[in-house]
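Okay, thanks for coming, everyone. I'd like to walk you through one model today, so have a look at the screen.

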Amino acid sequence: MAVTGLLAMFRRLEGPQTVGRGPAFWGLFAVVLAVALAYPLFSDGYTVGNTVYFFVWVFIALSLCLIWGYGGSLSFGQTAFFGIAGYGYGILTINFGSAYGFTLIALVAAVAIAALFAVLLGYFMFFGRIAGVFLGIVTLAVTLMLERFMAQTAGPEWHIGVARLNGFNGMSAMPPLTIPWPGEPIVLFADVGLYYLVLGLLVFVYLALRILMNSSFGNVIVAIRENPERAEMLGYDVRKYQLITFVIGAVLAGLSGVLYTVWGQYITPSSMGMTAAALPLIWVAVGGRSDLTSTVVGTLVVLAAFQALTIYGSQYALVFMGVLLVLTVLIAPNGLVLGVMNWLGRLATRFTQRAG
């Protein structure tokens with residue numbers, strides 16, 4: 001029975017809710033993964049650490065893909081969960097240190113705090129029948145409120161234990177992730193060790209989300225997106241499914257926030273600001289919000305372009321992102337990357353038919 005259940009779970013890696021299937025897709029996936037695993041062997045520590053920065057943001061993009069792309073609920077609150085978890089990790093580790101693997105406990109606890117906040121906020125939104133543009137307004141208001149509150153906590157009176165919040169300057173000097181190990185603990189700075197950990201988490205989350213979205217739960221979520229009234233008439237508790245999706249998205253955004261804090265050993269209120277809240281929307285829209293693979297690819301590509309512009313022409317970076325979003329909406333509303341992937345899929349199908 002266990003083997004049968006495991007096989008059924010793996011079969012859900014492919015399905016109607018995700019793009020990519022068959023030996024060609026998984027062969028390409030294996031090649032990309034092999035290149036990613038070998039990458040630190042041919043690069044310096046600084047570059048590898050910088051690559052971790054890109055991977056960290058993919059989690060929040062996947063959270064938005066789940067909530068907005070599959071669930072149909074536009075949320076500006078992902079950076080709120082990002083910031084809550086990041087500050088939670090900083091407060092816990094500054095107060096209790098990194099001995100005995102406490103940083104791992106702090107990581108889980110910080111994500112759990114973000115999830116609890118999402119449960120409370122989501123309950124009042126979804127069971128209060130807030131939907132459409134109003135859901136986006138509420139989540140944006142909550143995000144900006146948290147950002148404004150944290151920005152004014154600069155005084156010495158704003159502290160939790162020995163951890164000072166530091167207002168707009170942000171928190172810093174929290175310990176990196178430390179894994180207990182016989183002889184000497186493994187300290188994961190922004191280098192090769194953290195790279196492999198974040199890469200492993202990213203692959204796990206990506207595959208788990210594919211399984212989830214191709215399960216009956218994922219089918220119901222998509223059905224709610226397409227027609228919530230019909231889904232409710234079929235007997236599904238729409239509010240419950242929306243709340244669960246919202247909380248899973250908050251967990252992923254919180255994980256992104258903790259990993260960002262671990263990577264840079266700092267967190268600031270600007271991580272919950274208007275710009276920070278808008279950028280993931282652009283990544284997901286450009287990639288293709290209704291597919292996990294296109295979201296991952298689109299986020300990494302747009303992030304790389306954005307960082308290059310930030311370094312060599314910072315005054316044009318945000319303008320470029322705005323233009324890119326407008327072009328995406330006008331030319332490929334379902335996403336540029338997803339459009340290219342579908343086009344390549346059609347070419348492959350035609351080639352196979354002619355070869356046959």
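**Rings first, then helices**

Let's start with the aromatics: Y53, F54, W57, F82, Y260, W263, Y266 and W283 are linked by ring pairs into a cluster. A pair here means rings of Phe, Tyr or Trp (for Trp, its six-membered ring) with centres within 6.5 Å; planes under 30 degrees apart are stacked, over 60 edge-to-face, and the rest tilted.

Some housekeeping before I go on. This is a predicted model, so local features need pLDDT of at least 70 and side-chain atom pairs count only at pLDDT 80 or more, while totals for chains, interfaces and linings use all residues. Residues are numbered from 1 along each chain as its sequence is written, and side-chain values use heavy atoms, with hydrogens and water left out.

Back to the rings. Searching the whole structure turns up 24 aromatic pairs. Take F96 and F102: their centres are 5.4 Å apart with 50° between the planes, a tilted pair. F96 is exposed, at 58% relative accessible area, whereas F102 counts as buried at 19%. The cut-offs there are under 20% relative accessible area for buried, over 50% for exposed and partly exposed in between, using a 1.4 Å probe and protein chains only.

Then there's F149 with W158: ring centres 5.4 Å apart and planes at 90°, so that one is edge-to-face. Both partners count as partly exposed, F149 at 39% relative accessibility and W158 at 27%.

Okay, helix packing. Helices are DSSP runs of H or I with at least four residues, strands are E runs of at least two, and both are numbered from the N terminus. Axes are lines fitted to C-alpha atoms, for helices over the stretch in contact, and angles between N-to-C directions run from 0 to 180 degrees.

So, how do α4 and α10 pack? Helix α4, residues 78-96, packs on helix α10, residues 238-264, at about 50°, and the axes are 7 Å apart. The two helices are therefore oblique to each other. For the wording: under 35 degrees is roughly parallel, over 145 roughly antiparallel, 65 to 115 roughly perpendicular, and the rest oblique. The α4 and α10 crossing is right-handed, which is to say the near helix is turned clockwise from the far one by less than a right angle; anticlockwise would be left-handed.

On the α4 side, the contact residues are Q78, F81, F82, A85, G86 and Y89, and their partners in α10 include F246, G249, A250, A253, G254 and S256. Contact means heavy atoms within 4.5 Å. The residues of this α4 and α10 contact come out as ten nonpolar, seven polar and no charged. Nonpolar is Ala, Val, Leu, Ile, Met, Phe, Trp, Tyr, Cys and Pro; charged is Asp, Glu, Lys and Arg; the others, Gly among them, are polar.

Next, α3 (residues 45-70) and α11 (residues 274-287), which pack at about 70° with axes 9 Å apart. That makes α3 roughly perpendicular to α11. W57, I60, A61, L64, C65 and W68 in α3 meet P280, L281, W283, V284 and A285 in α11. And the class count for α3 with α11? Eleven nonpolar, no polar and no charged residues. You'll recognise W57 and W283 from the ring cluster.

I60 gets a minute of its own. Is I60 buried or exposed? Buried, at 0% relative accessibility. Setting aside neighbours within four places in sequence, I60 contacts Q78, T79, F82, L252, A253, S256, P280 and W283. One of those, L252, is 192 residues away from I60 in sequence, yet the C-alpha atoms are 6.0 Å apart.

Third pair: helix α7, residues 192-213, with helix α12, residues 292-312, at about 150° and with axes 10 Å apart. These two are therefore roughly antiparallel. Y206, L209, R210 and M213 in α7 meet L292, T293 and V296 in α12. That contact has five nonpolar residues, one polar and one charged.

Last, a couple of backbone oddities for the loop people. R129, in the loop between α5 (102-126) and α6 (133-151), has phi near 60°, a positive value in a residue other than glycine. R129 is exposed, at 52% relative accessible area. N166 sits in the loop between β2 (163-164) and β3 (171-172), with a positive phi near 65°. N166 is partly exposed, at 23%.
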